[in-house]
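Trainee: I am new to this structure and would like a close look at a single part of it, the largest pocket. Please set it in the context of the chain as well.

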Amino acid sequence: MPAPRTVLQLVGSPVDEFHAELSRLYATASISALEDPARYRMRIAYVRPGGRWSFPTDLSPQALDLAPDMPLAQAISYIEQLSVDVMVPQMFCLPGMTVYRSLFDTLAVPYLGSPGDVMAVGADKVRTRAVVSAAGVSVPSARVVRDRTRTGMRYPVVVKPVASDNSVGVTFVDGDADYARAVDDALSVGEAALVESYIELGREVRCGIVVRDGELVCLPLEEYPLGDGRPIRLREDKLDRTEAGDMYLVAKDAGRAWIVPTDDPVTDTVWAAARRCHEALGCRDYSLFDFRIDPAGNPWFLEAGLYCSFAPSSVIATMAHAAGTGLTDLFADALHELDREGTACMSQF
């Protein structure tokens, strides 16, 4: 039997508690689902709001309180002593997606998912739209605004922050009366807002891709219920809190999403568009893209979400399960691909 791999889960957020809590939600589920001492030694690196590091034994409030804080230099020394084989990124704030991944590049610690420069593009809706549009993928017409200036675009439109996830600050606008408030909401979480033409339903789907033996494997689509007065997905369609105040994933509730049969006519069209997006953006290991399907069946790119936390609630994990690949196999396959990439790189020297 090969020795267990040391897997470091990078959790938390230097930015705020919301992103730290979201990170803990996914990472806790991932650690629990992948726990297998014969194969993996799970370790946790936790970054608190403000940027201090700690290395708790688990992500319970008690363990987080007991783990001593340390500055970056001391944390780097600690990570080097762990002899990490692979890092799993579980940070969803912009620095977590970019700077912290780049730090592990500097430390020569391999990790799953795209590098920081690709994540930076994927987190910027304007840059992402430009890249995938140049690759031949349809995107809705749009304008970037930094104040309440009218764009002259025909209503309805969707106003959203240029750099924010989970539908924070996103508003459907069908007239002048709601435009200024929608722009203010979007600008409250960023310096710029995207005013995007509304694509009539149709349908709305997500497409996940995993890389296996260097090939892009598209997974079954996930579809979301819209219409009947709900023209777009909002934050409350994705995240909410229990009566006790704990964050949970609304999208996993019954009726909030379902897997599209692969023989559905829309599947091949979306798969082709998703492959173009993945290649154009330079994604690594896996990717995830949202598409709006117009009444004629044409897919329109909405945004990229280049995440997979390897938790049962991960969208890519859900899609892979529908394709017959369980979570533990999905993770093992990702590690195999990482090994294959490393071997290919070494063969060039």
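Mentor: What follows goes from the chain as a whole to the pocket, and then to two residues taken one by one.

The model is a predicted one. Its chain has 349 residues, and 52% of them count as buried. The secondary structure is made up of 11 helices and 16 strands. If you take the contacts between residues at least 6 apart in sequence, 66% of them join residues at least 24 apart. The chain has an accessible surface of about 15600 Å², and carbon and sulfur atoms account for 52% of that surface.

Now to the part you asked about. The largest pocket has a volume of about 430 Å³. Its lining consists of 21 residues, and those nearest the centre of the pocket are His19, Leu94, Ala163, Ser164 and Val189. Three elements give two or more residues each to this lining: α1 (17-34), α4 (94-97) and α6 (116-123). Of the elements, α4 provides the largest share, with three residues.

The lining can also be sorted by residue type and by domain. By type, 13 of the lining residues are nonpolar, three are polar and five are charged. By domain, at least three lining residues come from domain 1 (5-111), and at least three come from domain 2 (141-197).

Two single residues can be looked at in the same plain way. Start with Ser54, which belongs to strand β3, a strand that covers residues 53-54. Because its relative accessible area is 0%, Ser54 is classed as buried; the cut-off for that class is under 20%. Leaving aside residues up to four places away in sequence, Ser54 touches Ile44, Ala45, Tyr46 and Arg48 on one side of the numbering, and Ala67, Pro68 and Asp69 on the other.

The second residue is Asp264. You will find Asp264 in the loop that runs between β14 (258-259) and α9 (265-281). Asp264 has a relative accessible area of 18%, so Asp264 also counts as buried, given that the class takes in values under 20%. Along the chain, Asp264 and Leu221 are 43 residues apart, while in space their C-alpha atoms are separated by 9.6 Å.

To return to your request: the pocket to look for in the model is the one with 21 lining residues, to which α4 gives three.

How values were computed. Residues are numbered from 1 along each chain as its sequence is written. This is a predicted model: local features need pLDDT of at least 70, side-chain atom pairs count only at pLDDT 80 or more; totals for chains, interfaces and linings use all residues. Side-chain values use heavy atoms; hydrogens and water are left out. Helices (H or I, at least four residues) and strands (E, at least two) are DSSP runs, numbered from the N terminus. Buried means under 20% relative accessible area, exposed over 50%, partly exposed in between (1.4 Å probe, protein chains only). Contact means heavy atoms within 4.5 Å. Accessible areas come from the Shrake-Rupley method with a 1.4 Å probe; for residues, only the protein chains shown count as cover. On a 1 Å grid over the protein atoms alone, a cavity is a set of points where a 1.4 Å probe fits but cannot get out, and a pocket is an open set with protein on both sides within 12 Å along at least five of seven lines; lining residues have an atom within 4 Å of a point. Grid points are joined across faces, edges and corners, and a volume is the space filled by probe spheres set on the points. Ala, Val, Leu, Ile, Met, Phe, Trp, Tyr, Cys and Pro count as nonpolar, Asp, Glu, Lys and Arg as charged, and the others, Gly among them, as polar. Domain bounds come from an automatic or database domain assignment.
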